[in-house]
Amino acid sequence: MFNETDDHQEIRDAVRGLCKQFPDEYFRKIDEQKAYPEKFVDALMQAGWLAAMIPEEYGGTGLGLTAASVIMEEINRSGGNAGAVHGQMYNMGTLLRNGSKAQKDKYLPDIAAGRLRIQSMAVTEPTTGTDTTKIKTTAVKKDGRYVVNGQKVWISRVQHSDLMILLARTTPLAEVKKKSEGMSIFIVDLHHAVGNGLTVRPIPNLVNHETNELFFENLEIPEENLIGEEGRGFKYILDGLNAERTLIAAECIGDGYWFIERARNYANERVVFDRPIGKNQGVQFPIADAFIEIEAANLMRFEAARRFDAHKDCGAQANMAKYLAAKASWEAANVCMQTHGGFGFANEYDIERKFRETRLYQVAPISTNLIYAYVAEHVLGLPRSF
Ligand SMILES: Cc1cc2nc3c(=O)[nH]c(=O)nc-3n(C[C@H](O)[C@H](O)[C@H](O)COP(=O)(O)OP(=O)(O)OC[C@H]3O[C@@H](n4cnc5c(N)ncnc54)[C@H](O)[C@@H]3O)c2cc1C
């Protein structure tokens, strides 16, 4: 029904085919049990879909961000939740862009083959939140190792990952010229770290999303696990955000189409007052409105992905795509819920589950206000507000 004219139909068909093996009942049960969709993730990895952004020389498929975003969209559009896996798609980018040859040779082929999971990235801290340059987690170099102390919060998929990218301060804030300097990123081997200086405490939350508090107490990381140059970690993290935002925009687009389709079908089928409820303009117009918003957001998502793949600056487009798509999917979620009346609340319709899931993306991985601030400052040239 929608956007069938783009040239990724083969990818769409193949991912939809895989997702068909994991129907609504599968994700509903996983949600009820607060479990991780292990079989689904394995199937995606075995099929190579999560290696779309890894170049062929490292065993990936080198398809690029546009195709990768189609894969993520199709997962959510099929009723699943790519939040369980999207880290695998983009976290490796930090390594790919900034890692040494030795690091890339060591990790990327295994990541591409699905033997190593790099699902986690640890940036956010409880006391500093969005004000990332004030992070308090430190990594101090000592005898060929870095010793890490501090705390992180909301770090996702740690329990289902082998590797984690960690941002920590290596030079105190008081000693750097610019506050964005003096932070570094590391590859953390989670199998070694947990229990040896890293404690993981799960955070029960609104969605079935595995996310955690992390406590670092003298965690030792080998010097060779530093990615790129010491002190430039914040810049490396920022460089990776455009891919993350575009992929999450695509997931929201997938959610949006899922909600619209369910709302349309129900509005056609449900008969009240001797006619389908969709015959009432009070029911059909909000569905049309939400659909228009999704279609518009989708154009910005493809524009962001196109620019990224063409190696053009895409910060504004990626941020705007994430903003528009998260807003549109939330509107579609509300419309779908309203169209279903009381049945929208029943677990067996899956609407309340997807409703909760899509709400996250106005907060994480960047909140809406921070996108306004980005556009105001970097696109419109308004004064920096913080
Ligand atoms: C389920 C989940 C998974 C997550 N996964 C990860 C992960 O894997 N790794 C990771 O590092 N982080 C992760 N996060 C953290 C997420 O990126 C942050 O929650 C998000 O960036 C907002 O930060 P905060 O929660 O500290 O909010 P705060 O920074 O405390 O902000 C609170 C509110 O105030 C607003 N605000 C703050 N400052 C300003 C300002 N100057 N102007 C206007 N408004 C402002 C914000 O927009 C927000 O709405 C996750 C979060 C959730 C909920």
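How many residues surround the ligand, and which are the closest? Some notes for anyone opening this predicted model for the first time:

1. Start with the ligand. There are 18 residues around the ligand, and the closest are Thr 124, Thr 130, Trp 154, Ser 156 and Ser 367. By type, the shell splits into ten nonpolar and eight polar residues, with no charged ones.

2. Next, the polar contacts. In the side chain of Thr 130, an N or O atom sits 2.3 Å from an oxygen atom of the ligand. Met 121 takes part through its backbone: one of its N or O atoms there is 2.9 Å from a ligand nitrogen. Pro 365 also has a polar backbone atom in play, 3.4 Å from an oxygen atom of the ligand. As for cover, the ligand on its own has 980 Å² of accessible area, and the protein covers 64% of that.

3. Where does the ligand lie? Both domain 2 (120-231) and domain 3 (235-379) give residues to the shell, so the ligand lies between them. If you want elements to look for, try β3 (145-156) and α12 (368-379), each of which supplies at least two shell residues. The largest share, three residues, comes from β3.

4. Pro 365 deserves a second look. Besides its backbone contact with the ligand, Pro 365 follows a cis peptide bond: the link from Ala 364 has omega near 0 degrees. You'll find Pro 365 in the loop between α11 (351-359) and α12.

5. Now the cysteines. Searching the whole structure turns up zero disulfides. Take Cys 252: the nearest cysteine sulfur belongs to Cys 336 and is 15 Å away. Why is Cys 336 unbonded to Cys 252? A disulfide is a covalent bond between two cysteine sulfur atoms. The sulfur of Cys 336 has its closest cysteine sulfur in Cys 252, and at 15 Å that is too far for a bond. Cys 252 is buried, because its relative accessible area is 0%. Cys 336 counts as buried as well, given its 0% relative accessibility.

6. Finally, a couple of backbone oddities to check on screen. Lys 34 isn't a glycine, yet it has a positive phi of about 50 degrees; look for Lys 34 in the loop between α2 (24-33) and α3 (38-46). His 311, also not a glycine, has a positive phi of about 60 degrees. That residue, His 311, is in the loop between α9 (281-309) and α10 (315-339). Is His 311 buried or exposed? With a relative accessible area of 76%, His 311 is exposed.

How values were computed: Residues are numbered from 1 along each chain as its sequence is written. This is a predicted model: local features need pLDDT of at least 70, side-chain atom pairs count only at pLDDT 80 or more; totals for chains, interfaces and linings use all residues. Side-chain values use heavy atoms; hydrogens and water are left out. A residue is near a molecule or strand if one of its heavy atoms lies within 4 Å of it. A polar contact is a pair of N or O atoms within 3.5 Å; within protein, one must be able to donate a hydrogen and the other to accept it, and residues adjacent in sequence count only if both atoms are side-chain atoms. Accessible areas come from the Shrake-Rupley method with a 1.4 Å probe; for residues, only the protein chains shown count as cover. Helices (H or I, at least four residues) and strands (E, at least two) are DSSP runs, numbered from the N terminus. Ala, Val, Leu, Ile, Met, Phe, Trp, Tyr, Cys and Pro count as nonpolar, Asp, Glu, Lys and Arg as charged, and the others, Gly among them, as polar. Domain bounds come from an automatic or database domain assignment. A disulfide is a pair of cysteine sulfur atoms within 2.5 Å. Buried means under 20% relative accessible area, exposed over 50%, partly exposed in between (1.4 Å probe, protein chains only).
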